[in-house]
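User: I am new to this structure and should like to understand the terms used to describe it. Please set each value against its definition.

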Amino acid sequence: KQWYQRRVRDNACNSIERVLQKALPKVACAFRLSGMSPTHLAKRWINTCFLNILPWGEICNYVLLVVSEGPVYVCLYCVALLRHLETRLLQHSTQHSLLYNILEEPIQGFSLTNHLDYLLQLEQIHGPVLRADIESLEII
């Protein structure tokens, strides 16, 4: 079971790059310019369950969202966070300080309730492909 959870997490993280290319092309470009991978960032966020990154209430909202709606929302939640950080990401990618600013600084002002409509839009567009990716994982 632990192996399967790790595969789902890795799959969700890898899917972030695909979704990011289509949903937030400027952010995807900022990551490319900085030499940092959004997959690396997402794995770090997910492995720590957003501790020291988001306030406790938002961490609880994230866990409830993923438990109630499924693992597709791991990826979509990270994309919504990146959308929230878009201005900061674009600013720091040109200053070559993206790595420090995103990995070391807590995220301020993010609220799941403010991004729910965006998450639903992402789910309608990318949900079927993400679900198919997750369903294709084999359980040994």
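User: What makes helix 4 and helix 5 a pair in contact, and at what angle do their axes cross?

Analyst: In this predicted model, the axes of helix 4 and helix 5 come within 8 Å and cross at roughly 145 degrees. Axes are lines fitted to C-alpha atoms, for helices over the stretch in contact, and angles run from 0 to 180 degrees between N-to-C directions. Contact means heavy atoms within 4.5 Å. On the helix 4 side, Glu-58, Tyr-62, Leu-65, Val-66 and Glu-69 meet Tyr-73, Val-74 and Tyr-77 of helix 5. By class, that contact has six nonpolar residues, no polar ones and two charged ones. Here Ala, Val, Leu, Ile, Met, Phe, Trp, Tyr, Cys and Pro count as nonpolar, Asp, Glu, Lys and Arg as charged, and the others, Gly among them, as polar.

User: How do you know which residues and values may be used?

Analyst: Because the model is predicted, local features need pLDDT of at least 70 and side-chain atom pairs count only at pLDDT 80 or more, while totals for chains, interfaces and linings use all residues. Residues are numbered from 1 along each chain as its sequence is written, and side-chain values use heavy atoms, with hydrogens and water left out.

User: Why are helix 5 and helix 8 called oblique to each other?

Analyst: The axes of helix 5 (residues 72-84) and helix 8 (residues 112-135) come within 8 Å and cross at roughly 135 degrees. Angles under 35 degrees count as roughly parallel, over 145 as roughly antiparallel, 65 to 115 as roughly perpendicular and the rest as oblique. Helix 5 and helix 8 are therefore oblique. Their crossing is right-handed, the term for a near helix turned clockwise from the far one by less than a right angle, anticlockwise being left-handed. The residues of this contact divide into 14 nonpolar, three polar and three charged.

User: What makes a stretch count as a helix, and how many are there?

Analyst: Helices (H or I, at least four residues) and strands (E, at least two) are DSSP runs, numbered from the N terminus. The protein has eight helices and zero strands.

User: Why is Phe-50 called buried?

Analyst: Buried means under 20% relative accessible area, exposed over 50%, and partly exposed in between (1.4 Å probe, protein chains only). Phe-50 has a relative accessible area of 0%, so it is buried. Of the 140 residues of the protein, 45% count as buried.

User: Why are Cys-29, Cys-49 and Cys-60 called partly exposed?

Analyst: The relative accessibility of Cys-29 is 32%, so Cys-29 counts as partly exposed. Cys-49, at 29%, is therefore partly exposed, and Cys-60, at 30%, is partly exposed. Cys-60 lies in helix 4 (residues 56-69), whereas Cys-49 is found in the loop between helix 3 (38-47) and helix 4.

User: How do you know that Cys-49 is not bonded to Cys-60?

Analyst: A disulfide is a pair of cysteine sulfur atoms within 2.5 Å. The closest cysteine sulfur to that of Cys-49 is in Cys-60, 8.8 Å away, and therefore too far for a bond. A search of the whole structure finds zero disulfides.

User: What is notable about the phi of Cys-49 and of Phe-50?

Analyst: Most residues other than glycine have a negative phi. Cys-49, although not a glycine, has a positive phi of about 55 degrees. Phe-50, also in the loop between helix 3 and helix 4, has a positive phi of about 65 degrees although it is not a glycine.
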